[in-house]
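Biologist: Hello! Please take a close look at one part of this model for me, the salt bridges, and tell me how the partners are placed and how much cover they have.

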Amino acid sequence: MSRVLIVGAGLTGSICAYLLHRGLFSKVRVSVWDKSRDSGGRMATSQNPSNTSCTVDLGAQWDSFCHYKNIYQIIFYEELLLHGIIKPLEATIEGLISNEEGSVNYVTPSGVSSIVKHYLKESGAHVLFGHHVTHVCCKGSGWEVHQKGGSPEQFDVVVLTMPVPQILQLQGDISSLMEEAERQMLEDVSYSSRYALGLFYKAGVRISVPWAAKYVSDNPCIRYVAIDDKKRNLVSEECGPSLVVHTTVPFGVQHIEETAEDVKSIILQELKNVMPDLPEPESTSCQKWRYSQVTRSVPERPGQVTLSSRPLLVCGGDGFTRSDFDGCVGSALKVFDVLKSSL
């Protein structure tokens, strides 16, 4: 059996692991490493420290499905609907503009990270958190992968699904595998940056607004606000409301080198201008997204780039497609095609 390492426990990485389990179960042993403390990547869900049943999505907010998607993508949506992981968005989103005619928006009752957790669970992969990959070195017929503060391990195949700039930062033999044109192609991939702030409230608190989420157009700091429990249609007497704020991209770029704690106070002050009657939260959680959404992907969106065929090393993720559910599904399918033809 081939040992396969997937670096990144986000959406693309989790779907890759899931596809390997379904399509190459008898041929591979799959490990997933992520430097964070939990799965999800930019599909992150944060918990209220004093009431873990109260959560807020600090990354992706919902997903849009279009009726003319290909059969593979339809299968993914149907499975998630069957398991109750997604459901149609029924709440009012003020200022939402649909880019696709006939599209349907979905939300996640248990938080957007539940999609990633579902695929990781179904994959049966050996998932390890706190594993920050620093070096990928060719050794014999395989790869020696080093992680910060840990011993190196050997793998036959490596799949990299983290943001493209983090791929380029890896040490070892990655650099020597790239032609100059290939390196320039990856260096040209760009991302927007922003902050997300989650606010948690005690049970019984009411946030009296006519919407579940809204886009803000007249504030230099705040672009989007959502009351997450209301957005998911899950208002509960036992659990207080949770609210998330996403900053504008210019604000995120301006403050990207500052700490999340320092930026949090600015966001809270601006939030008072947007929602002056908002009560004081019980606790908060601030997230810096240096690589929030892809603004320029690899040309022609190939879904994956194979840096080495022997031993096999493949890169995938939204940097090779686009930053939405369909983009990550498409990338995972392309990566799987490469692995299936090689293993």
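Modeller: Gladly! Let us call a residue buried under 20% relative accessible area, exposed over 50%, and partly exposed in between (1.4 Å probe, protein chains only). The model is predicted, so local features need pLDDT of at least 70 and side-chain atom pairs 80 or more, while totals for chains, interfaces and linings use all residues. Residues are numbered from 1 along each chain as its sequence is written, and side-chain values use heavy atoms, leaving out hydrogens and water.

Side chains of opposite charge can pair when their charged atoms come close. With a salt bridge taken as a side-chain nitrogen of Lys or Arg within 4 Å of a carboxyl oxygen of Asp or Glu, the count here is 14.

Let me start with E261 and K264, whose side chains form a salt bridge with 3.0 Å from N to O. Both residues belong to helix α9, which runs over residues 260–274 (helices are DSSP runs of H or I, at least four residues, numbered from the N terminus). The two sit 3 residues apart, about one turn of the helix. Their cover is unlike: E261 counts as exposed because its relative accessibility is 53%, whereas K264, at 16%, is buried.

Now turn to D228 and K231, joined by a salt bridge of 3.1 Å, N to O. They are separated by about one helical turn because they lie 3 residues apart in helix α7 (residues 228–231). Here D228 and K231 are both buried. This pair also belongs to something wider: D57, D228, K231 and R232 are linked in a network of salt bridges.

A further pair is K139 with E144, where the side chains meet at 3.1 Å, again N to O. K139 is partly exposed, since its relative accessible area is 48%; E144 is buried, with 13%.

For contrast, look at a nonpolar patch on the surface, made of I71, Y72 and I75. Its members have over 30% relative accessible area, no salt bridge, and nonpolar side chains (Val, Leu, Ile, Met, Phe, Trp, Tyr) joined within 5 Å. Together the three have about 320 Å² of accessible area, from the Shrake-Rupley method with a 1.4 Å probe. Y72 sits in helix α2, residues 71–82, and counts as exposed because its relative accessibility is 51%. The C-alpha atom of Y72 is 14 Å from that of V335, although 263 residues separate them along the chain.

Conventions: Patches are made of residues with over 30% relative accessible area and no salt bridge: like charges are joined within 9 Å, nonpolar side chains (Val, Leu, Ile, Met, Phe, Trp, Tyr) within 5 Å.
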